[in-house]
Amino acid sequence: MRYLYCIIPPILLQLLAVYIIVVMNTGNGSWLGLGAILFAMPIIPTTVAVNFIMVNKNVNSTPMKLILLSNFIAFLIPILIIGLFIIVVLIEGLIGQFF
């Protein structure tokens, strides 16, 4: 059960964040969707491996502690991708005012 709670939801969270960024940037000429995919391709499997090792290593930990640790690791990537999206939108807005 630890694997079900500590590995599957973080993967789904990261995939959902990448999907939302890609869909939001489809057809507007921005390369941010491609950047999100390229950024996520190595990161998502790495997160799965880190969470799998963490679950195996912390056998005696409480399930809630494992869930919090695995979700903390998983939340970093969507936060970085959304931050990248915000920065690009702000920069495009500023450049658009002058050109």
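Helices here are DSSP runs of H or I with at least four residues, numbered from the N terminus. With that naming, H1 and H2 each contribute at least two residues to a nonpolar surface patch. The model is a predicted one.

The patch is a convenient place to start. Met-1, Leu-4, Tyr-5, Ile-8, Leu-12 and Leu-15 make it up, and it covers about 610 Å². H2 gives the largest share, three residues. Leu-4, one of the patch residues, belongs to helix H1. Its relative accessible area is 45%. Buried would require a value under 20% and exposed one over 50%, so Leu-4 is classed as partly exposed.

Helix H3 comes next along the chain, after a loop that joins it to H2 and that holds Asn-25. Is Asn-25 buried or exposed? Its relative accessibility is 8%, so Asn-25 counts as buried. Apart from neighbours within four places in sequence, the contacts of Asn-25 are Ser-30, Leu-32, Gly-33 and Phe-85. Two of these partners, Leu-32 and Gly-33, are themselves listed among the buried residues of H3, and Phe-85 is among the buried residues of H4. Tyr-3 lies 22 residues from Asn-25 in sequence, and the C-alpha atoms of the two are 33 Å apart in space.

H3 itself spans residues 32-57. For its 26 residues, 1.5 Å a residue gives 38 Å, and the end C-alpha atoms are 36 Å apart, so the two values agree. The helix does have a kink of about 35 degrees, placed at Ala-40, shortly before the proline Pro-42. Ala-40 is also one of the buried residues of H3, a list that further includes Ala-36, Ile-44, Asn-51, Met-54 and Val-55. The cover over the buried residues of H3 includes H1, H2 and H4.

Thr-47 shows in detail how one position of H3 is covered. Which residues does Thr-47 touch, leaving out those up to four places away in sequence? They are Gln-14, Ile-73, Ala-74 and Ile-77. With a relative accessible area of 6%, Thr-47 falls under the 20% limit and is therefore buried. Of its partners, Ala-74 and Ile-77 are among the buried residues of H4.

Helix H4 runs over residues 63-98, 36 residues in total, and its first and last C-alpha atoms are 53 Å apart, close to the 52 Å expected at 1.5 Å a residue. Its buried residues are Leu-66, Ser-70, Asn-71, Ala-74, Ile-77, Pro-78, Ile-81 and Phe-85. An α-helix has 3.6 residues a turn, so residues three or four places apart point the same way. The cover over the buried residues of H4 includes H1, H2 and H3.

Two further positions in H4 can be located against other parts of the chain. Lys-65 lies in H4 and, at 46% relative accessibility, is partly exposed. Its C-alpha atom is 9.9 Å from that of Cys-6, although the two residues are 59 apart along the chain. Val-88 is also placed in H4. The C-alpha atoms of Val-88 and Leu-32 are separated by 7.6 Å, with their positions 56 residues apart along the chain. Setting aside neighbours within four places in sequence, Val-88 is in contact with Ser-30 and Leu-32. Both residues also appear among the contacts of Asn-25.

Definitions and conventions. Residues are numbered from 1 along each chain as its sequence is written. This is a predicted model: local features need pLDDT of at least 70, side-chain atom pairs count only at pLDDT 80 or more; totals for chains, interfaces and linings use all residues. Side-chain values use heavy atoms; hydrogens and water are left out. The expected span of a helix is 1.5 Å times one less than its number of residues. Buried means under 20% relative accessible area, exposed over 50%, partly exposed in between (1.4 Å probe, protein chains only). Contact means heavy atoms within 4.5 Å. Patches are made of residues with over 30% relative accessible area and no salt bridge: like charges are joined within 9 Å, nonpolar side chains (Val, Leu, Ile, Met, Phe, Trp, Tyr) within 5 Å. Accessible areas come from the Shrake-Rupley method with a 1.4 Å probe; for residues, only the protein chains shown count as cover. A salt bridge is a side-chain nitrogen of Lys or Arg within 4 Å of a carboxyl oxygen of Asp or Glu. The bend at a residue is the angle between axes fitted to the seven residues ending there and the seven starting there.
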